[in-house]
Amino acid sequence: GGLFACYLTQPFDTVKTCMQGDIERKTFGTFTETARRIGQDGFTAFYRGATFRYGRMVCAVFMMDFLQAAVGPMLYPAAFK
């Protein structure tokens with residue numbers, strides 16, 4: 001599920017990140033203009049950084065699971081009896 005969601009939303013994240021990095025709007029304009037500009041480098045250009053993004057998501061899930069197991073019994077002791 002998470003891997004599918006990562007790669008499904010990666011193109012949108014790539015466009016958004018490029019737009020955020022170009023604060024003065026010198027290189028990227030609207031969402032559509034930015035997508036066209038990135039698309040000039042080929043379809044795979046939209047997936048640059050996807051592996052690192054997925055890795056970050058996996059690490060976040062492991063940390064949340066660890067924190068739930070560690071902190072949950074302290075916050076809700078009745079639920080863990």
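This is a short tour of a predicted model, moving from one loop to another and ending at a group of aromatic rings.

Begin by selecting Arg25, which sits in the loop between helix H1 (2-21) and helix H2 (31-39). Look at the backbone here, since the phi angle of Arg25 is near 55°, a positive value in a residue other than glycine. With the surface switched on, Arg25 appears as partly exposed, because its relative accessible area is 48%, which does not pass the 50% limit for an exposed residue.

Next, select Phe46, which belongs to the loop between H2 and helix H3 (50-75). Is Phe46 buried or exposed? Its relative accessibility is 14%, so Phe46 counts as buried, the cut-off being under 20%. To see what surrounds Phe46, display the residues that it touches, leaving aside those up to four places away in sequence: Gln10, Pro11, Thr14, Val15, Ala35, Ile38 and Gly39. Then add Phe12 and draw a distance between the C-alpha atoms of Phe46 and Phe12, which are 8.0 Å apart in space although their positions lie 34 residues apart in the numbering, counted as separation in sequence.

Now turn to the aromatic rings, of which the structure holds three pairs. Select Tyr7 and Tyr47, whose rings form a stacked pair, with 6.3 Å from centre to centre and 25° between the planes. Tyr7 lies in helix H1 and Tyr47 in the loop between H2 and H3, so this pair ties together parts that are 40 residues apart in sequence. Both members can be checked on the surface: Tyr7 counts as partly exposed at 31% relative accessibility, and Tyr47 is also partly exposed, with a relative accessible area of 27%.

Keep Tyr47 selected and add Phe43, so that a second pair comes into view, with ring centres 5.6 Å apart and planes at 55°, a geometry that makes this pair tilted. What is the relative accessible area of Phe43? The value is 62%, so Phe43 is exposed, the limit for that class being over 50%.

To finish, show Tyr7, Phe43 and Tyr47 together, as these residues form one aromatic cluster. Within this view, Tyr47 takes part in the stacked pair with Tyr7 and in the tilted pair with Phe43.

Definitions and conventions:
Residues are numbered from 1 along each chain as its sequence is written. This is a predicted model: local features need pLDDT of at least 70, side-chain atom pairs count only at pLDDT 80 or more; totals for chains, interfaces and linings use all residues. Side-chain values use heavy atoms; hydrogens and water are left out. Helices (H or I, at least four residues) and strands (E, at least two) are DSSP runs, numbered from the N terminus. Buried means under 20% relative accessible area, exposed over 50%, partly exposed in between (1.4 Å probe, protein chains only). Contact means heavy atoms within 4.5 Å. Rings of Phe, Tyr and Trp (its six-membered ring) pair if their centres lie within 6.5 Å; planes under 30 degrees apart count as stacked, over 60 as edge-to-face and the rest as tilted.
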